[in-house]
Amino acid sequence: MDSAADIVIVGAGVVGLAHAAEALARGLRVTVLERDARAVGASVRNFGHACVTGQSGDLAELAHLARERWLDLDDRARLGVRATGALAVARHATELAVLEELAAARPGDVELRTAASTRSELPGGADDIVGGAALLADLRVDPRTTVGRLAAWIDAQDRAAVLFRTAYLGFDGTHAVTSRGRIATDRVIVCVGHDLDHLYPETAEEHRIDRCALQMARAADPGAPITPAVLTATSLLRYPAFAGTAAAGALRDRMRAERPDLLDIDANVMFTQRPDGTLLIGDSHHTEATVAPFLDETIADTLRTEVARVLGIADLRIVERWQGVYASSPLRPYVVAEPQPGLHVRVVTSGVGMTIAHGLARRHFPA
């Protein structure tokens with residue numbers, strides 16, 4: 001291989017492909033490099049949920065930019081994006097107080113739901129549901145298929161190529177060096193998530209990027225359609241729009257007293273339904289530089305049991321388990337860096353890659 005491109009993008013996950021789509025929209029020649037035969041990282045190991053409504057400040061701006069681009073690309077590439085919104089379920093007054101406060105502050109984004117209305121969205125619906133809220137801007141995709149469809153669409157465009165099983169080895173200022181040859185270019189964008197330390201360890205260390213490992217599972221179809229992504233009390237402690245409310249303090253105190261098992265595993269108990277009816281459920285969080293591959297069945301049982309309670313059913317039958325992983329930094333939710341002229345790093349360092357990737361790309365390529 002001996003070719004040229006205006007931009008070489010490293011990584012065919014959602015962040016890399018978002019930057020490729022933006023570059024193409026501006027008439028640039030783009031080559032995407034991916035060391036694996038298909039995306040197998042954070043972009044396919046998640047809930048397929050763009051949690052737009054749960055963001056605040058800068059992240060909210062990026063999320064709304066990304067939402068526009070998701071819908072635009074879906075029109076052209078048939079990615080399977082669904083504007084279903086999300087449903088936050090309240091099973092205690094402290095949870096409902098968080099939702100009421102956010103709904104009052106953001107009436108166009110959050111609509112309160114009665115207990116009966118909330119329960120009707122679930123197969124059984126927990127008996128202790130006291131209310132809920134519709135998160136109107138949220139989107140859904142199928143993580144098993146959407147990223148692959150986006151890669152195929154980009155590869156089919158003029159001026160674009162997506163090269164799988166092609167490792168990036170470095171950038172000398174005039175060429176991107178790969179395992180299959182050199183590509184003449186003066187601009188490289190590295191979007192490799194938690195593996196940044198394998199390529200540019202100094203940049204990863206500067207931004208304190210580690211790996212966050214998650215325990216997730218896919219459960220058999222519970223027997224009824226569940227249209228929105230479903231969030232619970234632990235979600236309200238993780239996403240900044242909820243966690244930033246005055247009411248969140250009382251919720252955290254109650255969870256610490258009543259459900260330390262969930263806080264101890266840093267749980268985000270939520271779920272989404274795939275097109276085949278199965279449920280993506282999770283998840284726990286554990287961060288370190290190198291994570292062990294072993295899954296703790298106690299954690300898996302805790303998550304499965306809690307999701308079943310929210311659904312109001314006796315139990316869930318698990319058909320798959322896996323370890324999710326994404327880049328994590330205590331300093332910031334995403335990293336934008338330029339280690340050398342022409343070499344750009346774009347890494348989402350929190351669990352919102354699906355939510356903000358297209359927003360980051362739009363900022364990189366301003367209209």
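This note sets out numbered points on a predicted model, covering its annotated domain, nonpolar cores, one buried arginine and selected salt bridges.

1. Annotated region. An unreviewed UniProt entry carries the annotation "domain: FAD dependent oxidoreductase", which covers residues 6-362. Across residues 6-362, helix accounts for 34% of the chain and strand for 26%. The C-alpha atoms at the two ends of this span lie 17 Å apart.

2. Largest nonpolar core. The largest nonpolar core comprises 56 residues. The members that touch the most other members are Leu122, Leu231, Phe242, Phe271, Leu279, Leu311 and Leu316. Helix H12 (residues 297-311) supplies the largest share of this core, namely six residues. Apart from this core lies another one, of 46 residues, whose members include Leu24, Leu59, Ile154 and Ile356.

3. Surroundings of Leu311. Which residues does Leu311 touch, leaving aside those up to four places away in sequence? The contacts of Leu311 are Leu122, Pro123, Gly124, Gly125, Ala126, Ile226, Phe271, Leu279 and Leu316. Among these, Leu122, Phe271, Leu279 and Leu316 are also listed with Leu311 as the core residues that touch the most other members.

4. Arg346, a point for attention. Arg346 belongs to strand S21 (residues 343-348). The residue is buried and yet has no salt bridge. The nearest side chain of opposite charge is that of Glu338, at 6.9 Å; because a salt bridge requires the side-chain nitrogen to be within 4 Å of a carboxyl oxygen, this criterion is not met. The side chain of Arg346 does make a polar contact with the side chain of His364, at 2.6 Å. Not counting residues up to four places away in sequence, Arg346 touches Val15, His19, Ile189, Val190, Cys191, Val335, Val336, Ala337 and His364.

5. A salt bridge between distant parts of the chain. The structure holds 32 salt bridges. One of them joins Glu61 to Arg363, with the closest N and O atoms 3.4 Å apart. Glu61 is in helix H2 (residues 57-77) and Arg363 in helix H13 (residues 353-364), so that this pair, 302 residues apart, links distant parts of the chain. Both partners are partly exposed: Glu61 has a relative accessibility of 46%, and Arg363 has a relative accessible area of 34%.

6. A salt bridge within helix H2. Asp72 forms a salt bridge with Arg76, the closest N and O atoms being separated by 2.6 Å. The two residues are four positions apart in helix H2 and are therefore separated by about one helical turn. Asp72 is partly exposed at 27% relative accessible area, and Arg76 is likewise partly exposed at 44%.

7. A salt bridge between helix H12 and the loop after it. Is Arg304, the partner of Asp315, buried or exposed? Asp315 and Arg304 form a salt bridge whose closest N and O atoms are 2.9 Å apart. Because Asp315 lies in the loop between H12 and strand S19 (318-328) while Arg304 lies in helix H12, the pair ties together parts that are 11 residues apart in sequence. Asp315 is partly exposed, with a relative accessible area of 43%, whereas Arg304 is buried, at 16%.

8. A salt-bridge network. Arg91, Asp128, Arg259, Asp261, Glu306 and Arg309 are joined into one network by salt bridges that share partners.

Technical notes. Residues numbered from 1 in each chain as written. Predicted model: local features only at pLDDT ≥ 70, side-chain atom pairs only at ≥ 80, totals over all residues. Heavy atoms only, no water. Core = buried A, V, L, I, M, F, W, Y, C linked by side-chain atoms within 4.5 Å. Buried < 20%, exposed > 50% of the residue type's maximum accessible area, 1.4 Å probe, protein only. Contact = heavy atoms within 4.5 Å. Lys, Arg positive; Asp, Glu negative; His and termini not counted. Polar contact = N/O pair within 3.5 Å; in protein donor to acceptor, adjacent residues only side chain to side chain. UniProt positions renumbered as here; feature names shortened; annotations may be inferred.
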